[in-house]
Amino acid sequence: MEEIRELLETKQYTTLRQIITELNDADIASIMTDLTEEEMLKVFRILPKDLAADVFAYLEVEDQQVIISSLSDSDAANIINNMMADDATDLFEEMPANIVKRLLANVSPEARRDINHLLKYPEDSAGSIMTVEYVDLKDNLTVTQALERVRKVGVDSETINICYVLDNGRHLIGTAALRYLLLSDPDAIIGDIMHENVIAANTLMDQEEVAKLFKKYDFTSMPVVDNENRLVGIITIDDIVDIIEEETTEDIEKMAAIMPSDKPYMRTGVFETWKKRIPWLLLLMVSATFTGGIIHSFEDALSTCAVLTMFIPMLMDTGGNAGGQASVTIIRGLSLEEITFKDIFRVIWKEVRVAVCCGATLAVCNFAKLLLIDRVAIDVAVVICLTLVAAVVIAKFIGCTLPMLAKKVGFDPAVMASPFITTIVDALSLLIYFAIATAVLGL
């Protein structure tokens with residue numbers, strides 16, 4: 001990086017071009033991302049045109065927008081014409097309408113048709129992430145004719161490992177792997193050797209569901225069909241990797257009580273970050289006032305036995321942590337489809353047993369600490385330890401059931417993660433604490 005910056009500062013562009021062009025496309029894009037905007041534009045302009053188009057596809061959308069905006073209409077059109085249609089569509093979806101209109105007016109008719117075709121599908125659907133560059137074959141072709149077609153159209157296709165067999169109405173009727181074509185009798189008919197059991201995604205299927213199909217069947221590519229089973233595009237594994245990262249990031253943000261964002265952290269402004277975080281903070285702050293209300297209602301009991309106040313944070317934190325453990329485990333299981341709503345009673349029975357074991361262990365350890373270190377009275381230690389067991393059991397029960405109920409009624413279970421569950425558990429832990437204290441200590 002230092003060498004590249006030095007060559008840029010000393011304007012040794014020929015040497016820099018020689019060094020850069022020896023690198024992998026993805027590595028060049030990674031280097032450009034770490035440069036300043038001015039340096040990035042300089043590096044991009046010295047790249048050969050074909051290489052520039054390949055590197056451009058690896059850049060973040062924000063960097064692509066900067067570069068496209070700096071190019072002339074003809075240069076920008078050349079870049080877009082050399083991009084895969086799905087990558088170009090991702091770029092256009094993030095750009096202002098006036099710039100999109102200008103760019104579409106200058107690209108080739110074929111690229112304009114493909115991009116417009118993809119732009120009409122709903123965001124995050126299979127249709128919006130597919131590419132229209134694929135190899136299709138007619139079922140009446142011979143293997144020799146099929147291989148000739150692969151040579152003809154394969155250069156502009158995203159992948160040629162799998163060829164898609166269509167009838168005269170463009171209905172998807174089978175697939176033919178390239179390796180099978182190479183090993184088959186040259187005179188064999190494609191319709192006789194094709195694989196007929198085709199797994200395909202519908203254009204309106206959610207991208208997360210598509211990713212699950214890729215995982216289930218170990219696909220590297222998948223056809224996308226419309227409601228009449230006509231082939232309209234394919235989705236490849238590189239797009240699925242991006243989707244998995246995007247969906248996982250979204251779940252993590254929801255579990256941390258943050259509104260999801262599609263921008264990297266360093267590219268998100270302070271005000272935008274504030275907008276993403278403040279709604280949940282406000283909600284949790286308001287809900288936490290119930291905890292204060294509970295403590296206020298038991299002020300007399302606390303004044304009679306002030307030592308009880310000392311252990312409120314420990315009980316609330318332990319309950320919240322126990323609920324968070326259960327909720328994260330269940331949310332992940334729901335996401336991977338390892339758990340369904342019909343398993344709710346099995347899940348509850350398991351979590352209750354785990355909670356009893358955890359609560360008992362914590363209670364025994366805490367009882368010894370209370371007597372030996374804190375030197376509290378035995379009856380106070382009993383109150384605290386009984387509350388600890390009850391709080392852990394209640395927390396794990398809530399932590400495992402709320403996400404499953406949310407999933408059942410159509411909400412995202414990630415929303416029912418640690419912050420939300422902790423607030424509920426805190427209030428219940430206090431109610432249990434004071435109820436046991438009142439019963440045991442006679443407050």
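Which residue takes a positive phi just after α21? I will start from that detail and work outwards, keeping in mind throughout that what we have on the screen is a predicted model. The residue is G410, and its phi is about 100°. The helix that precedes G410, α21, covers residues 378-409, which makes 32 residues, and from its first C-alpha to its last it reaches 46 Å, close to the 46 Å expected at 1.5 Å a residue.

Staying with α21 for a moment, let me point to T401, which is found in this helix. T401 has a relative accessible area of 9%, and because the cut-off for buried is under 20%, T401 counts as buried. Its side chain reaches the backbone oxygen of F397, at 2.8 Å.

Let me now step back to the whole chain. The protein has 22 helices and 6 strands. Its radius of gyration is 30 Å, whereas the globule rule gives 22 Å for 443 residues, so the protein is more spread out than a compact globule. Along the principal axes, the C-alpha trace spans about 90 × 65 × 35 Å. Of the 443 residues, 43% are buried, and among the contacts with a separation of 6 or more, 67% are accounted for by residues 24 or more positions apart.

One pair of residues gives a sense of distance within the model: G292 and E209 lie 83 residues apart along the chain, and their C-alpha atoms are separated by 43 Å. G292 itself is found in helix α17, residues 270-297, and at 39% relative accessibility it counts as partly exposed.

Turning to the strands, I will begin with the open sheet, in which 3 strands follow the order β1-β2-β3 with mixed pairing. The edges are taken by β1 (136-138) and β3 (172-177), and each of these has a single partner strand, so one side of each is left without a neighbour in the sheet. From one strand to the next, the twist averages 35°. As for individual pairings, β1 and β2, the latter being residues 162-166, run parallel and are joined by 3 bridges, with D136 having Y164 in β2 as its bridge partner. Strand β2 has 4 of its 5 residues buried, so it is largely enclosed by the rest of the structure.

The remaining strands I would like to discuss are β4, β5 and β6. How many of the residues of β5 are buried? For this strand, residues 221-225, the count is 5 of 5, so to speak a mostly covered strand. As a reminder, in a regular strand the side chains alternate between the two faces of the sheet. In β5 both faces are covered, with S221, P223 and V225 buried on one side and M222 and V224 buried on the other.

Strand β5 pairs with β4 (residues 201-202) in the parallel sense over 2 bridges, and here A201 has V224 as its bridge partner. With β6, residues 231-236, β5 runs antiparallel, and 5 bridges join these two strands; M222, for instance, has I235 in β6 as its bridge partner. The hairpin of β5 and β6 has 5 residues between the strands, and there N229 takes a positive phi near 65°. That brings me back to backbone angles, where I began with the positive phi of G410 just after α21.

Note on methods: Residues are numbered from 1 along each chain as its sequence is written. This is a predicted model: local features need pLDDT of at least 70, side-chain atom pairs count only at pLDDT 80 or more; totals for chains, interfaces and linings use all residues. Side-chain values use heavy atoms; hydrogens and water are left out. Buried means under 20% relative accessible area, exposed over 50%, partly exposed in between (1.4 Å probe, protein chains only). The expected span of a helix is 1.5 Å times one less than its number of residues. A polar contact is a pair of N or O atoms within 3.5 Å; within protein, one must be able to donate a hydrogen and the other to accept it, and residues adjacent in sequence count only if both atoms are side-chain atoms. Two strands pair if DSSP finds at least two bridges between them. Axes are lines fitted to C-alpha atoms, for helices over the stretch in contact, and angles run from 0 to 180 degrees between N-to-C directions. The radius of gyration is taken over C-alpha atoms; the globule rule is 2.2 Å times the number of residues to the power 0.38. Contact means heavy atoms within 4.5 Å.
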